Amino acid sequence: MMNYIKSECYRVVHTKTFYIVMAVLSGLVLLMNTVNSISGHLIPDFRYDTFRFSLNSFTSFIMLMLAMGAVVSSLLFIDDRKNGALEQAVAYGISREKIFIGKCITAFGFSLVILLEVLIVYVGSAFILLRNPEWQPLKEMLLGIAAALPSAAGSLIFTLTLGSLYKKETPIILWWSVVFCIIPMVLALIGLQVEAVAEIASWMPYNYFNREVRVTYSDYQCLWDTAAGMAKCLISGGIGMGVFTVFGWWKLRRQEF
């Protein structure tokens with residue numbers, strides 16, 4: 001498996017996509033902070049050229065972490081099904097289990113690299129360009145990232161599984177949306193009438209990140225600020241990682257190439 005991981009790392013490092021993804025994401029956050037800074041100098045009483053507003057924009061929508069986990073894995077790691085590399089690896093004698101686990105480890109590692117690089121640009125540009133840098137917005141954003149990281153890893157693993165099953169992007173997008181958005185919404189609606197279903201729905205990332213995270217300019221009400229809330233995020237994300245890993249391992253074993 002180590003040889004497969006090394007080959008995947010070599011492939012990613014020597015492709016343009018990895019650097020394009022980092023450049024695009026970093027460019028977007030830098031552009032946002034630059035536009036806010038320029039607007040603050042040109043528009044009287046402009047209130048959004050602050051360090052707090054910039055970081056709160058991400059913290060209030062932490063579900064982006066799950067979406068970005070899916071996007072990064074899609075762009076960097078699921079072309080194997082299209083170009084025949086997955087079939088070649090199996091034919092070469094590498095077990096499907098090792099291929100899947102190796103791909104998950106590699107994808108998670110490179111995703112962390114991209115996340116770290118984008119965070120440096122995001123926070124650094126906000127600190128330099130915007131007014132009133134302070135600790136609390138940064139603390140809340142970092143805690144939110146830590147809380148969402150296991151769920152984002154689960155999203156990444158599930159997307160890799162879908163990529164091994166489908167050659168086209170449309171079914172991947174549809175199945176991801178069903179599992180991470182539609183099913184949690186439906187269960188939350190049923191939970192309004194059935195208490196047991198409400199308890200299950202409350203442990204799904206889409207629901208607790210949208211319902212238990214409230215970020216305003218002057219106040220934070222985030223579930224990760226309490227030990228119980230952070231534990232809920234980590235346990236739920238860990239369960240998701242385990243379920244999607246087992247599902248991916250099972251589907252890849254049954255997959256015909």
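Helices α8, α9 (169–191) and α12 (227–254) each supply at least two residues of the lining of the second largest pocket. This pocket belongs to a predicted model, and its lining is a suitable place to begin. Of the elements that contribute, α12 provides the largest share, with seven residues.

In total, 16 residues line the second largest pocket. Those that lie nearest its centre are Met204, Pro205, Ser236, Gly240 and Phe244. When the lining is sorted by chemical character, 11 of its residues are nonpolar and five are polar, while no charged residue takes part. The space within the second largest pocket amounts to about 320 Å³.

How is such empty space found? Rolling a probe the size of a water molecule over the atoms shows where empty space is left.

The largest pocket may now be considered in the same order. Its lining consists of 23 residues, and Leu25, Phe58, Met65, Met68 and Leu115 are the ones nearest its centre. Two or more lining residues come from each of the helices α2 (16–42), α3 (51–59), α4 (64–77), α7 (96–129) and α8 (135–165). Among these contributions, the largest share is that of α7, which gives eight residues.

As to chemical character, the lining of the largest pocket comprises 20 nonpolar residues and three polar ones, and charged residues are absent from it. The space that lies in the largest pocket is about 510 Å³.

One helix deserves a final remark. Helix α8 gives two or more residues to the lining of the largest pocket, and α8 also supplies at least two residues to the lining of the second largest pocket.

Conventions. Residues numbered from 1 in each chain as written. Predicted model: local features only at pLDDT ≥ 70, side-chain atom pairs only at ≥ 80, totals over all residues. Heavy atoms only, no water. 1 Å grid on protein atoms, 1.4 Å probe; cavity = no way out; pocket = protein on both sides within 12 Å on 5 of 7 lines; lining within 4 Å. Points joined across faces, edges and corners; volume = space filled by probe spheres on them. Helix = DSSP H or I, 4+ residues; strand = E, 2+ residues; numbered from the N terminus. Nonpolar A, V, L, I, M, F, W, Y, C, P; charged D, E, K, R; others polar.
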